[in-house]
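Student: Hey, got a minute to go through a model with me? I'd like to poke at it bit by bit.

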Amino acid sequence: MIKSHTKRLGSSLPYIFILMFFSGTIVGSLFARISPYSFVFQQISASKTVIFTNSFISFLKPCFVIWILGFCKSSLYFSSAILAYRGGLIGFVIGCIFKEYGIAKGLFVSLSATLPQNILFFPFLLFLTMASACHKNTKDNLSYLILLLLSVALSALSAFIDTYITSFLIKLTL
């Protein structure tokens with residue numbers, strides 16, 4: 001009976017994690033609607049290396065925390081909270097963009113600002129969350145370490161996309 005419950009819960013975990021991410025996105029966009037903050041893209045004078053470094057750290061932090069949580073018994077709850085938080089951040093950014101630019105232009109700006117890096121990063125973050133929830137101190141720590149190294153590489157790739165490709169796409173849409 002316990003095995004069937006675990007098997008049933010294991011097959012529904014991706015849906016739970018996706019639901020947590022989209023719930024965070026909805027809450028973030030609703031918060032952006034009532035928030036007094038505005039979101040305007042401005043020309044910044046920071047170098048590309050500073051932007052890349054900040055973006056890389058921003059992508060790597062949730063990966064590292066979720067990876068560490070794989071050794072804890074309560075990783076399922078905290079990993080879900082991290083996914084909801086990431087969704088809330090994306091929802092807030094998209095909500096502010098729509099509030100500032102309207103529906104038509106806001107759609108193109110929000111797609112060019114959030115989609116390129118997150119189309120690669122979010123599925124991997126979901127996979128990492130699943131691996132973290134299923135890890136639970138098994139003897140297969142080498143493959144789990146390889147997953148951490150893969151998260152570093154994908155965070156670097158997402159940061160590269162965020163720094164160079166997304167900034168170019170935003171310039172095109174504005």
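Student: Let's start with one residue: is Leu69 buried or exposed?

Tutor: Leu69 is buried, since its relative accessible area is 11% and the cut-off for buried is under 20%. Keep in mind that this is a predicted model.

Student: Okay, and which helix is Leu69 in?

Tutor: Leu69 belongs to helix α2, which covers residues 48–69.

Student: How far is Leu69 from Ser132 in space, C-alpha to C-alpha?

Tutor: That C-alpha to C-alpha distance is 6.6 Å, although Leu69 and Ser132 are 63 residues apart in sequence.

Student: Let me zoom out. How many helices and strands does the protein chain have?

Tutor: You get 4 helices and 0 strands. Read from the N terminus, the order is α-α-α-α.

Student: And what share of the residues counts as buried?

Tutor: The protein chain has 174 residues, and 37% of them count as buried.

Student: Now the helix packing. What do people use to describe a packed pair?

Tutor: A pair of packed helices is described by the angle between their axes and the distance between those axes.

Student: So what are the values for α2 and α3?

Tutor: The two axes come within 5 Å and cross at roughly 155°. Angles over 145 degrees count as roughly antiparallel, so α2 and α3 are roughly antiparallel to each other.

Student: Which hand does the crossing of α2 and α3 have?

Tutor: Right-handed, as α2 passes α3.

Student: Switching to α3 itself: where does Phe121 stand, buried or exposed?

Tutor: Phe121, which sits in helix α3, is buried at 2% relative accessibility. Its C-alpha is 9.6 Å from that of Ala159, and the two residues are 38 apart along the chain.

Student: What about the surface? Which residues make the nonpolar patch of about 350 Å²?

Tutor: Leu107, Leu111, Leu115 and Ile119 make that patch. One of them, Leu115, lies in α3, the helix of residues 75–135.

Student: What is the relative accessible area of Leu115?

Tutor: For Leu115 the value is 39%, so Leu115 is partly exposed.

Student: Last one, what's the story with Leu145?

Tutor: Leu145 is in helix α4, residues 141–173. Leu145 is also partly exposed, because its relative accessibility is 38%. Trp67 is 78 residues away along the chain, yet the C-alpha atoms of Leu145 and Trp67 are separated by 8.8 Å.

Definitions and conventions:
Residues are numbered from 1 along each chain as its sequence is written. This is a predicted model: local features need pLDDT of at least 70, side-chain atom pairs count only at pLDDT 80 or more; totals for chains, interfaces and linings use all residues. Side-chain values use heavy atoms; hydrogens and water are left out. Patches are made of residues with over 30% relative accessible area and no salt bridge: like charges are joined within 9 Å, nonpolar side chains (Val, Leu, Ile, Met, Phe, Trp, Tyr) within 5 Å. Accessible areas come from the Shrake-Rupley method with a 1.4 Å probe; for residues, only the protein chains shown count as cover. A salt bridge is a side-chain nitrogen of Lys or Arg within 4 Å of a carboxyl oxygen of Asp or Glu. Helices (H or I, at least four residues) and strands (E, at least two) are DSSP runs, numbered from the N terminus. Buried means under 20% relative accessible area, exposed over 50%, partly exposed in between (1.4 Å probe, protein chains only). Axes are lines fitted to C-alpha atoms, for helices over the stretch in contact, and angles run from 0 to 180 degrees between N-to-C directions. Angles under 35 degrees count as roughly parallel, over 145 as roughly antiparallel, 65 to 115 as roughly perpendicular and the rest as oblique. A crossing is left-handed if the near helix is turned anticlockwise from the far one by less than a right angle, and right-handed if clockwise.
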